[in-house]
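Hi everyone, thanks for making time today. I'd like to walk you through a structure that is probably new to you, so please have it open while I talk.

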Amino acid sequence: MNAFLESFLDYISLERGLSINTRKAYADDISQFLDFLTRKGLSSLNQVSRKQVLDHLMAMKAKGMSTNSISRHLVSIKVFFRYLQQEGLLDKNVTDTMDSPKLWKILPDTLSEKEVDLLLSAPDMRKPLGVRDRAILEMFYASGLRVSELANLQLPSLHLDDGYIRVIGKGRKERVIPVAENSANMLHVYLEEVRPMLCDNPHLQHVFVSRRETALCRQRLWQIIKKYTKDAGIMKNVTPHTLRHSFASHLLQNGAPLRVIQEMLGHADIATTQIYTHVDPNRLKSIHEQFHPRA
């Protein structure tokens, strides 16, 4: 397989005239893929299936690689396989039917409603920090906030008696997000009983604060979620973004219009929100049954 790679690299350099940096990028991407196949016990590219290509991409996602980087890897593999097929070195190009990287996305991780209940129940409510952390988890899931938005949430932005908060999101755009009654009540408890214990500085307007009378940073919020994910026995890789995805997916599953979810998430483009339609096949079935004349 490495001989095929060398032949391909010579082709893009000598015949296509691509730059040294481009050659190196292709070499790095394809070498990682070939190493993956070797670890899986494959000795020939004719043994590769579409599933194994996807498994490689998902393994990179599990390592924390961005969607853009994974898409670039897919481009490299597709170009490599196309070259091998043109040269008669590959019986079948399994990447031919794979989506264009510009359209290809990895579905977001989400929690089930049961897993959300386990996570929210994990903090020890007998302890002040447990109350604070429960309020943090409630707000993440109840509002779909980005971690930076929760970290920067200010006391004047809370309108809990009216059931909503105001958030400054990307591009300094403000949006209004409803807050469920249970989550609002938990936040009330934190604000009235715990926050005054942690911070008596009237100039610090951040909602969530530490014992050192400072605002909680994004990294600390990430650590809090990791801690309670482990305490709850949830085996998934849960991050603040997981709770944001779960918020959107569960709203969609329960019938919320996509445009409303777009507004609450602060997405400028509805196409960004439409990824959630792929997460819930039951909703697609329901829509088909409701609207298709032959359903």
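Let me begin with one term: two rings of Phe, Tyr or Trp pair if their centres lie within 6.5 Å, and planes over 60 degrees apart count as edge-to-face. Please also keep in mind that this is a predicted model.

With that term in hand, how many aromatic pairs does a search of the whole structure find? The search comes back with 7.

Let's look at F8 and Y26. Their ring centres are 5.6 Å apart and the planes stand at 85°, so we call this pair edge-to-face. F8 belongs to helix α1, residues 2–15, while Y26 belongs to helix α2, residues 20–39, so the pair ties together parts that are 18 residues apart in sequence. Both of these residues, F8 and Y26, are buried.

F8 has another partner, F80. That pair is edge-to-face as well, with 5.3 Å from centre to centre and 65° between the planes. Here the link is between distant parts of the chain, since F8 is in helix α1 and F80 is in helix α4, 72 residues apart. F80 is buried, just as F8 is. And if you colour F8, Y11, Y26, F33, F80, F81 and Y83, you'll see the members of one aromatic cluster.

While we're on helix α4, which covers residues 67–86, find K78 there. Is K78 buried or exposed? Its relative accessibility is 12%, so K78 counts as buried. Leaving out residues up to four places away in sequence, K78 touches T95, D96 and M98.

Now let's zoom out for a moment. The protein has 13 helices and 3 strands. Of its 295 residues, 43% are buried. Take the contacts between residues at least 6 apart in sequence: 57% of them join residues at least 24 apart.

Next, the nonpolar cores. The largest one has 40 residues, and those with the most contacts inside it are L150, I165, L187, Y190 and F208. Which elements give two or more residues to this core? They are α5 (113–120), α6, α7 (147–151), β2 (164–168), α8 (181–198) and α9.

F208 is a nice residue to click on. Setting aside residues up to four places away in sequence, F208 touches R132, A135, I136, M139, L150, L187, Y190, T214, A215 and L216. Apart from this core lies another one, with 28 residues, including L5, V48, L57 and I70.

Let's stay with two of the helices I just named. Helix α6, residues 128–143, and helix α9, residues 218–231, have axes that come within 11 Å and cross at roughly 100°. That crossing makes α6 roughly perpendicular to α9. On the α6 side the contact is made by L129, G130, R132, D133, I136, L137 and F140, and on the α9 side by R220, L221, I224, I225 and Y228. Sorted by class, this contact has 8 nonpolar, 1 polar and 3 charged residues.

A couple of loops are worth a visit too. S121 sits in the loop between α5 and α6. With a relative accessible area of 55%, S121 is exposed. Where does the chain come back to S121? One place to look is A232, which is 111 residues away in sequence yet 7.8 Å away in space, C-alpha to C-alpha.

The other loop lies between α8 and α9, and there you'll find E213. Its phi is near 60°, a positive value in a residue other than glycine. E213 has a relative accessibility of 33%, so it counts as partly exposed.

My last stop is I261, in helix α11, residues 258–265. I261 counts as buried, because its relative accessibility is 1%. Which residues does I261 touch, not counting those up to four places away in sequence? The answer is A248, L251, L252, A256 and T273. Another residue to find from here is S249: I261 and S249 are 12 residues apart in sequence and 9.2 Å apart in space, C-alpha to C-alpha.

That's my tour, so thank you for listening!

Definitions and conventions
Residues are numbered from 1 along each chain as its sequence is written. This is a predicted model: local features need pLDDT of at least 70, side-chain atom pairs count only at pLDDT 80 or more; totals for chains, interfaces and linings use all residues. Side-chain values use heavy atoms; hydrogens and water are left out. Axes are lines fitted to C-alpha atoms, for helices over the stretch in contact, and angles run from 0 to 180 degrees between N-to-C directions. Helices (H or I, at least four residues) and strands (E, at least two) are DSSP runs, numbered from the N terminus. Angles under 35 degrees count as roughly parallel, over 145 as roughly antiparallel, 65 to 115 as roughly perpendicular and the rest as oblique. Contact means heavy atoms within 4.5 Å. Ala, Val, Leu, Ile, Met, Phe, Trp, Tyr, Cys and Pro count as nonpolar, Asp, Glu, Lys and Arg as charged, and the others, Gly among them, as polar. A nonpolar core is a set of buried Ala, Val, Leu, Ile, Met, Phe, Trp, Tyr and Cys residues joined through side-chain atoms within 4.5 Å. Buried means under 20% relative accessible area, exposed over 50%, partly exposed in between (1.4 Å probe, protein chains only). Rings of Phe, Tyr and Trp (its six-membered ring) pair if their centres lie within 6.5 Å; planes under 30 degrees apart count as stacked, over 60 as edge-to-face and the rest as tilted.
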